[in-house]
Amino acid sequence: MNIPILRIPFTDSDIQFITDGIQDVLKSGQLAIGKNVAEFEQKFADFVGTEYAVGVNSGTSSLEIFLRSIDVKVSSVVVPTNTFMATATAVVHAGGKVIFTDVMRENLCMSPDDLQDKIQNDTKAVILVHIGGIITPHLKAIQDICEDKDLYLLEDAAHAHGSSIEGKMAGSLGDAGSFSFYPTKVMTCGEGGMLTTNDESVYKKALMLRDHGKPDHRYNQHTEFGYNWRLSEIHAVVGIQQMDSADWILGERRRVAKAYDEKLKGLSGLSPVEIPSNIKSSYYKYIAYLDDEMNRDEIKTRLQDEYGITLTGEVYSDPCHTQSVFTKYPDTMVNKPDDKFPEADYVCEKHICLPLYPGLTDDEIDYVVESLGEVL
Ligand SMILES: Cc1ncc(COP(=O)(O)O)c(C=O)c1O
């Protein structure tokens, strides 16, 4: 059997829908920021439960747009060290400095205790990343800290389309949410991003910033230094199809995760991360910790070479604060060289992510579990 790292299941009717939509776009003469982007935005805002959603060309753009809209220049922004570098890069590009916090191994997300310790006088915002689709059960503590210290809370929900906590959706839990539609993500439109918010001033600034800092698309007047962060109509057509399939996509991911939960019981050598019952994960990743004596690289190589199973990338294998770019540009990071991140070190070294995508069959799931058992 061959279990690839990723399958993106577009059915024949999905492909027909997308092809028809693209034909309409081509005939319309409006290839960017038209009616399809507006429809995608409306569907996404309804899905997340926010007043506004702004479609952009990547998840990195939507992070940076929010940070620019609240102006983090000469400020610091707190980011968990266990995230994709784009979370931190967006802060630097928006003119801010990054403060990294440690995470918690139980949920891989930001530690509220370390957040409390790391806040500085110039700190303006916190970015909470829902790693692998898991919303931290300590959300309330983080929200309280932000309220108490008057900090903006941005959710990096690049992994968390459809994740929820006590029925509230990722992207609606702070001042804004940022989503990515890169092909590996829970929903994709090839390339794309979405900023969700209930704040009208953030919404208006985001519209302006994505379009070269122009308050009105029709006129050549620029009141901010914006950028071309626009989303094309063609990408939006794919996004609409994904929104229409959201229930099915999430249902499939949860079906596969539930099957792993059952079938991995009793398997020695690894322990799946347990998702608390008040949290629904998007299952961007199915995450399990390896026992201490296990070697991740060896396990991945053997699964690939001997069983044809490609495990997906970790979330993450290298904490951001160790990235060499911060040595090159030391002024971009506030942390001291002797700051320690023991939980992130554990997370980054010890977990694996099992293959998980819509359409993975019961036979394939059995094969992954049996092969993993043999290798372990
Ligand atoms: C946690 C996180 N934040 C931000 C991004 C950036 O998204 P994009 O690749 O769409 O710019 C990613 C994408 O990989 C991500 O995983």
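Here's a short walk through the model, from the whole chain down to the place where its two domains touch.

Keep in mind that this is a predicted model. Start with everything selected. The C-alpha atoms fill a box of roughly 65 × 55 × 40 Å along the principal axes. A compact globule of 376 residues would have a radius of gyration near 21 Å, and the chain has 21 Å, so the two agree. Colour by burial next: 48% of the 376 residues count as buried.

Switch to cartoon and you'll find 13 helices and 13 strands. If you draw up a contact map, look away from the diagonal: among contacts between residues at least 6 apart in sequence, 70% join residues at least 24 apart.

Now split the view. Select 12–244 for domain 1, then 246–375 for domain 2. Put a pseudoatom at the C-alpha centre of each, and the distance between them comes out at 24 Å.

Next stop, the contact between the domains. Here 39 residues of domain 1 meet 32 residues of domain 2. Stay on the domain 1 side and pick out α4 (85–93), β3 (97–101), β6 (164–165) and α8 (233–244), the elements that each give two or more residues to it. Which of them gives the most to the side that touches domain 2? Zoom in on β3, which supplies four residues.

Last, colour that side of domain 1 by residue class. You should see 20 nonpolar, 14 polar and five charged residues facing domain 2 across the contact.

How values were computed
Residues numbered from 1 in each chain as written. Predicted model: local features only at pLDDT ≥ 70, side-chain atom pairs only at ≥ 80, totals over all residues. Domains from an automatic or database assignment. Contact = placed C-beta atoms within 7 Å. Nonpolar A, V, L, I, M, F, W, Y, C, P; charged D, E, K, R; others polar. Rg over C-alpha atoms; globule rule 2.2 N^0.38 Å. Buried ≥ 20, exposed ≤ 12 C-beta atoms within 10 Å, placed from the backbone.
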